[in-house]
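I opened my notebook to record what I could look up about how one protein chain is put together. I wanted the sheet, the helices around it and the packed interior.

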Amino acid sequence: MPEINRDFTLCRQLMAGLSPSHVREMVNSNYPLAMYEAGLAAGESAFGHGGYISIPELPAGVAVRNSRRPEIIQESSYIRILSPAGGWLAASTLEKLAECAEKYGRGLVHLTSGGTMEIYADRQEMLPLVKELNDQGLDVGSTGDDLRCLTACCGPVRCEMALIDAPALATYLGQRFIDDQQYPGYPQKVKSAIAGCPNDCIRAMMQKDHSFIGVYRDLPQIDAALLAGWLQKGGDPAALRDACPAGALSWQEDTLQLDGEKCWRCMACINYCPAIRPGRERGVAWVAGGKYGHRGPQGPMAGYVLVPFIPVKDDDFTAIGDIYGAFLEFWADNARKKERVGDFIARVGPVKILQELGLEAEPQILLSPKRNVY
């Protein structure tokens, strides 16, 4: 008998309505719905804290949630799968995931907020499950104090604003540092993401220990003909001027003036007016220390811009990988136990970090490190 046919009143209420319901997906799997119903009735989850567990031949990738209702289920163990960068998954890959979830687990796949995918299965099923995932070209990791799965925006695959190939950079870093994703050995977890432009739709700078943001170093390009057409169609010149947070735009009659000394390269004007496009000198800004959680002495914090521009040419990401690896090594050797990257930089100081890595300090990012991230 499907579990929803039992007297799960609260879950039934969540299934009502026109929009898709997560409860419907659980009902169509072997998820223990009694746990969810018990949590709804009690006002708190029926699952308690858990953590990663080590299984022979699997140093990372397996974790467990403890149960507060052992009479329903003893525990909930799961395997964490590294997602392809940018969240691009072919239907055939999803079918393989579904087959694995049905064969070894509860027939349920969880797409996590951290960019990974999880399959819920008992501990004894993990090893054959991972072997089959490996045969399908998928790998596991991203649990415990290791390098978590690198995430990216969709990039130039379908976004006109992309200044760099974010999924390509995430794939490069993920493959270069695959051991760090599968063998926990850091003082704390490390989250990283790549955004294709300063719009940062994936909020990398606010959430990730390391974010690499596509940027341009020269000035935005203004197409005079397109700008004239935009104005003729009713474009608001005053609103365009005021859209610039740095006050770099002004009008002299019908001519738009851009003060290069004031421009932040933030893309606010580009987002507002199609006649303005990004500069052509493209690269990556390295922002380190962002985190959204409340743990640690600094609490939630935006990242520090440690290097405002790393040139990228012909999708050669070697220099970015070298800097990333050098920081991870320095942080691993000097951070306190459970000290996140942001708290570490705040304690040691960004100047010290740059000195240790042999990088030059940019005066503007040290005088006002979080006013303008570029």
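The entries below go from the sheet to the core and then to a pair of helices.

Before starting, I noted that this is a predicted model, where local features need pLDDT of at least 70 and side-chain atom pairs count only at pLDDT 80 or more, while totals for chains, interfaces and linings use all residues. Residues are numbered from 1 along each chain as its sequence is written, and side-chain values use heavy atoms, with hydrogens and water left out.

**Sheet.** I looked up the strands (DSSP runs of E, at least two residues; helices are runs of H or I, at least four, and both are numbered from the N terminus). Five of them form an open, mixed sheet in the order 6-7-8-13-14, counting two strands as paired if DSSP finds at least two bridges between them. Strand 7 (residues 192–195) and strand 8 (residues 210–216) pair in the parallel sense over four bridges, and Ser 192 has His 210 in strand 8 as its bridge partner.

**Core.** I then looked up the largest nonpolar core, meaning buried Ala, Val, Leu, Ile, Met, Phe, Trp, Tyr and Cys residues joined through side-chain atoms within 4.5 Å, where buried is under 20% relative accessible area with a 1.4 Å probe, protein chains only. This core has 39 residues, and Phe 327 and Ile 345 are among those that touch the most other members. Helix 12 gives the largest share, seven residues.

**Helix pair.** Finally, I found that Ala 326, Phe 327 and Phe 330 in helix 12 meet Ile 353, Glu 356 and Leu 357 in helix 14, contact meaning heavy atoms within 4.5 Å.

Methods: Buried means under 20% relative accessible area, exposed over 50%, partly exposed in between (1.4 Å probe, protein chains only).
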